[in-house]
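Reader: I'd like to learn how to read helix packing and buried empty space in a model. Could you walk me through it?

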Amino acid sequence: MTDAGEVLFRPVRSGNAFEDTVARLLQAVRLGIVAPGEALPPERDLAARFSVSRDTVREAIRSLSDAGYLVARRGRYGGTFVSDTIPATSVGPDAAAPTAAEIEDVLGLRDILEVGAARAAAARDLSASERDLLWTRMQETAAAPAADYRRLDSRLHLGIGELVGIPSLVSLLADNRTRVNQLLDGIPLLAPNIGHSNEQHEAIVVAILTGSPERAAAAMAEHLEGSAALLRGFLS
């Protein structure tokens with residue numbers, strides 16, 4: 001399991017065990033920590049990781065299965081798997097549209113976290129496996145069909161955070177990215193923006209791999225400004 005997975009599958013707050021377990025599992029699915037078609041860890045392992053009862057885990061899984069995010073399979077190779085098609089969410093007529101202040105809160109924190117993560121990752125002496133994984137995630141994002149793009153884009157951004165080597169940073173990035181994706185789900189996915197984003201991803205990754213902290217930070221800042229402009233344009 002990736003560092004981001006280790007961080008997300010951590011003890012939940014005891015006061016809202018069921019709600020927090022559902023939220024943590026949903027976050028892992030929507031951020032691509034567990035990809036469509038892949039299996040969740042066994043219930044007993046999730047219960048131990050979350051420090052909750054197996055009944056709580058079972059109820060959370062059942063709720064997400066009813067909502068279309070998970071599917072149970074029986075037999076020798078059975079278990080709980082992420083659905084092949086993740087339900088889409090959007091800002092619809094029954095959902096409260098985000099306020100300008102809420103949008104700026106999400107985007108402002110994203111700038112601080114992700115620009116800093118890119119700078120810190122570029123300053124590290126990365127191993128061969130870390131370098132290969134980062135490049136692979138960038139390529140997978142670039143080749144992704146529209147239906148999978150935001151999931152793989154999220155995984156790439158979280159991967160940059162993982163390279164920094166600070167688990168609590170990954171947790172903050174994951175929480176912020178979930179809020180970012182909730183905003184992104186309310187706007188259309190534009191093909192020209194995908195192409196531009198992929199170019200920017202490559203610039204960020206190359207800067208990290210060549211050990212250029214300020215160039216990595218500048219490339220990430222430019223990349224985030226593009227997303228921010230779309231979000232403000234569609235949602236403000």
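Author: Here we go through two helix pairs and then a cavity. Keep in mind that this is a predicted model.

Reader: Fine. At what angle do helix 5 and helix 10 pack?

Author: Start with the angle between the two axes. Helix 5 spans residues 100-123 and helix 10 spans residues 213-235; they pack at about 160°, with axes 8 Å apart. Angles over 145 degrees count as roughly antiparallel, so helix 5 is roughly antiparallel to helix 10.

Reader: And is the crossing of helix 5 and helix 10 left-handed or right-handed?

Author: Right-handed, for helix 5 and helix 10. By class, their contact holds 15 nonpolar, one polar and seven charged residues.

Reader: Which residues in helix 5 meet helix 10?

Author: On the helix 5 side, they include I103, L107, R110, E114 and A118. Across from them, the helix 10 side includes M220, L224, S227, L231 and R232.

Reader: Now the other pair. At what angle do helix 5 and helix 7 pack?

Author: About 55°, again with the axes 8 Å apart. That angle falls outside the parallel, antiparallel and perpendicular ranges, so helix 5 and helix 7 are oblique to each other. Their crossing is left-handed.

Reader: What does the contact of helix 5 with helix 7 look like by class?

Author: The contact of helix 5 with helix 7 has seven nonpolar, two polar and two charged residues. The helix 5 side is R110, E114, A117, A118, A120 and A121, and these meet H157, I160, G161, L163 and V164 in helix 7. Look at R110, E114 and A118: they are listed in the contact with helix 10 and also in the contact with helix 7.

Reader: On to the empty space. How many cavities of 30 Å³ or more are there?

Author: The general idea is that rolling a probe the size of a water molecule over the atoms shows where empty space is left. In this model the count comes to one cavity of 30 Å³ or more, and the largest cavity has a volume of about 180 Å³.

Reader: Which residues are the closest to its centre?

Author: Of the 16 lining residues, those closest to the centre are R150, L184, N193, S197 and S227. S227 also appears in the contact between helix 5 and helix 10.

Reader: Which element gives the most to the lining of the largest cavity?

Author: Helix 7, with four residues. The elements giving two or more residues are helix 7 (146-164), helix 9 (191-209) and helix 10.

Reader: And the lining of the largest cavity by class?

Author: Seven nonpolar, six polar and three charged residues.

Technical notes
Residues numbered from 1 in each chain as written. Predicted model: local features only at pLDDT ≥ 70, side-chain atom pairs only at ≥ 80, totals over all residues. Heavy atoms only, no water. Axes fitted to C-alpha atoms, helices over the stretch in contact; angles between N-to-C directions. Parallel < 35°, antiparallel > 145°, perpendicular 65-115°, else oblique. Left-handed = near helix turned anticlockwise from the far one by under 90°. Contact = heavy atoms within 4.5 Å. Nonpolar A, V, L, I, M, F, W, Y, C, P; charged D, E, K, R; others polar. 1 Å grid on protein atoms, 1.4 Å probe; cavity = no way out; pocket = protein on both sides within 12 Å on 5 of 7 lines; lining within 4 Å. Points joined across faces, edges and corners; volume = space filled by probe spheres on them.
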